[in-house]
Amino acid sequence: MQTIAHWVDGKSFTGTSTATAPVTNPATGVVTGQVSLANAADVRTVADAAAAAFPAWRDASLSKRTQVLFRFRELLNARKEEIAAIITAEHGKVLSDALGEVTRGLEVVEFACGIPHLLKGGYTENASSKVDIFSIRQPLGPIAIISPFNFPAMVPMWFFPLAIAAGNTVVLKPSEKDPSAALWTAALWEEAGLPAGVFNVVQGDKVAVDELLENPAIKAVSFVGSTPIAKYVYERGTAHGKRVQALGGAKNHMVVLPDADLDLAADAAVNAGFGSAGERCMAISALVAVGPIADDLVARIAQRTKTIRTGDGTKGSDMGPLVTEAHRDRVASYIAAGESAGATVVLDGRTVDADGAADGFWLGPTILDNVTPEMSVYTDEIFGPVLSVVRVDTYDEALALINNNQYGNGTAIFTNDGGAARRFHNEVEVGMVGINVPIPVPMAYYSFGGWKNSLFGDSHAHGIDGVHFFTRTKAVTSRWLDPSHGGLNLGFPQNN
Ligand code: NAD
């Protein structure tokens, strides 16, 4: 049985804690490794290494930093199948989907390769007589990245390419459910020529997170996970003087107006509802059917969903298992709760016959119709392959549903009416909006993030928000000696 350790200063680190957690292959139910769970002293060792590496990396030239990033990009692109296989073995998503998340992470690496342009400041000559002002962006220091289980490669890559490119050092704490992708990434950075100590990994749970939130060496925290933990991380991290961006949970609605192309909408609902077994923060979990199309739309979705094959990928499955047995059972309990609250079970994933080992954490795609807003299957983030259909009569009712929801991560509208689509993107209180696009994850050069309880903090991930989050600005006012400006003047500086 392998032990999955930490990575500090360019090498594997066992730490002093003896606590571990099992890592399981969700498609077989077999425990494949034990991940170390750091104690506070272990986290301090890692944070100290990141702090020690900071001064030299901060002062490394932009051309040296970007050379390392370009090499990392090339290596990752050439070897992405390796990390995708690691993701599939610990997360359970099918290989094509694992490759997809690596590719979306690569986009951020490519964006970060342009850091010299992104860090450029402003310069004003003669702001006052012979006085010039310029602004610069400087890195913060060691950054903690705390990531969720559902994207073990992509979510950390939303942050660390820009953090490192901007001259910071990084401590990544991946999810204890799928910790190995982070170590593979650390070894790749080493191969790309990143100096030891710039990218470190600490494995752990709440104990490690709490130390990262309080450790004075850590200057900023990028967190992604469920809403209660995101709120906690934001409050505790900021209380300890850190800059924090904490991305939380979601309940993403897809509105289908009566004039929509129903085949396009049905394809989109199935892809966005059941891709990665619904374990995506941008998955569609609530389909809002407006007006008389509901019966027709549900029938088209059900017909497509019946063709989805659940399994371990060996027989060309579309959808893998859920991440743990406990999570599978929790999602199944929501289906039962919806059924007993009066929802119509159109397709029941609890009876799935999966292409995989008997002990895999299987749950097939499930469609619940006639879901109402007070049912737990609607109010809670389920994070599984369950598509709830809510029927409403008007666009206004659909909009009110979304705007009254505590989450505001992603949403989509399907319509052929440009005016309705424009009204929707103007009125909806959600951070990422799709128009006839069901999973509107922005490209790396835009920023990713939700509103309301889907994000705590001011900055979204990557894009310009990311550059700003990982740097702080300094404005320099400069005058080179000029005898005519000598003399005392106690007044407040003014332009002249
Ligand atoms: P989680 O909140 O359980 O864990 C996230 C991280 O927090 C992990 O590293 C975990 O070790 C740590 N953690 C867990 N419990 C903690 C505690 N009590 N105190 C401190 N740290 C703790 O989330 P998860 O189950 O790994 O991931 C799924 C969740 O993440 C979903 O809610 C999903 O919507 C959300 N998510 C959001 C986005 C987004 O962009 N908004 C993206 C991906 C996932």
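# A tour of cavities, pocket and ligand

About 50 Å³ of space lies in the second largest cavity. Start there. This is a predicted model, so treat every stop as part of a prediction.

**Stop 1: the second largest cavity**

Select W7, G10, A186, W189, E190, L194, P195, A196, G197 and F199. These residues line the second largest cavity. Now colour residues 180–192. That is helix α7, and it gives the most to this lining, with three residues. What kinds of residue make up the lining of the second largest cavity? Seven are nonpolar, two are polar and one is charged.

**Stop 2: the largest cavity**

How many cavities of 30 Å³ or more does the structure hold? There are two. Move on to the largest cavity, which has a volume of about 140 Å³. Its lining is made of 17 residues. Select G278, S285, E381, I382 and F383, which lie nearest the centre of the largest cavity. Next, show two strands: β14, at 284–290, and β17, at 386–392. Each supplies at least two residues of the lining of the largest cavity. By type, the residues of this lining divide into eight nonpolar, six polar and three charged.

Keep E381 selected. You will need it at the next stop.

**Stop 3: the ligand**

Show the ligand and the residues around it. There are 26 of them. Which come nearest? They are S147, E176, S226, G248 and E381. E381 is thus on two lists: it is among the residues nearest the centre of the largest cavity, and among those that come nearest the ligand.

Now check three distances in the viewer.

- E381: an N or O atom in its side chain is 2.5 Å from an oxygen atom of the ligand.
- K173: a polar atom of its side chain lies 3.0 Å from a ligand oxygen atom.
- G225: here a polar backbone atom is 3.4 Å from an oxygen atom of the ligand.

Leave G225 and S226 highlighted. Both return at the next stop.

**Stop 4: the largest pocket**

Turn to the largest pocket. Its volume is about 740 Å³. The pocket is lined by 30 residues, and P148, K177, G225, S226 and I229 are the closest to its centre. So G225 and S226 appear again, because the lining residues closest to the centre of the largest pocket include them.

Which elements should you colour? Take α8 (206–214), β11 (220–224), α9 (227–239) and α12 (325–340). Each supplies at least two residues of the lining of the largest pocket. Which gives the most to this lining? It is α8, with three residues. The lining residues of the largest pocket divide into 13 nonpolar, nine polar and eight charged.

**Stop 5: helix α8 and D210**

Stay with α8. Select A208, V209, D210, E211, L212 and L213, which are buried in this helix. What do the buried residues of α8 pack against? Show α1, β8 (142–146), β9 (169–173), β11 and α9, and you have the partners.

Zoom in on D210 in helix α8. Its relative accessible area is 14%, under the 20% cut-off, so D210 counts as buried. Add Y232. A polar contact of 2.5 Å joins the side chains of D210 and Y232. Add R236 too. Neighbours within four places in sequence aside, D210 is in contact with Y232 and R236.

**Stop 6: D42 in helix α1**

Follow the packing to helix α1, residues 40–59, where D42 lies. Is D42 buried or exposed? D42 is buried, with a relative accessible area of 1%. Select H6, F13, G15, T16 and S17. D42 is in contact with these residues, leaving aside its neighbours within four places in sequence. Look at S17 again. S17 and D42 are 25 residues apart along the chain, and their C-alpha atoms are separated by 7.3 Å.

**Stop 7: N405 in a loop**

Finish at N405. Where does N405 lie? N405 is in the loop between α14 (395–403) and β18 (407–408). Although N405 sits in a loop, N405 is buried, with a relative accessible area of 8%. Show Y407 next. The side chain of N405 reaches the backbone nitrogen of Y407 at 3.0 Å. Last, select K251, H253, Y378 and K452. N405 is in contact with these residues, its neighbours within four places in sequence left aside.

Conventions:
Residues are numbered from 1 along each chain as its sequence is written. This is a predicted model: local features need pLDDT of at least 70, side-chain atom pairs count only at pLDDT 80 or more; totals for chains, interfaces and linings use all residues. Side-chain values use heavy atoms; hydrogens and water are left out. On a 1 Å grid over the protein atoms alone, a cavity is a set of points where a 1.4 Å probe fits but cannot get out, and a pocket is an open set with protein on both sides within 12 Å along at least five of seven lines; lining residues have an atom within 4 Å of a point. Grid points are joined across faces, edges and corners, and a volume is the space filled by probe spheres set on the points. Helices (H or I, at least four residues) and strands (E, at least two) are DSSP runs, numbered from the N terminus. Ala, Val, Leu, Ile, Met, Phe, Trp, Tyr, Cys and Pro count as nonpolar, Asp, Glu, Lys and Arg as charged, and the others, Gly among them, as polar. Buried means under 20% relative accessible area, exposed over 50%, partly exposed in between (1.4 Å probe, protein chains only). A polar contact is a pair of N or O atoms within 3.5 Å; within protein, one must be able to donate a hydrogen and the other to accept it, and residues adjacent in sequence count only if both atoms are side-chain atoms. Contact means heavy atoms within 4.5 Å. A residue is near a molecule or strand if one of its heavy atoms lies within 4 Å of it.
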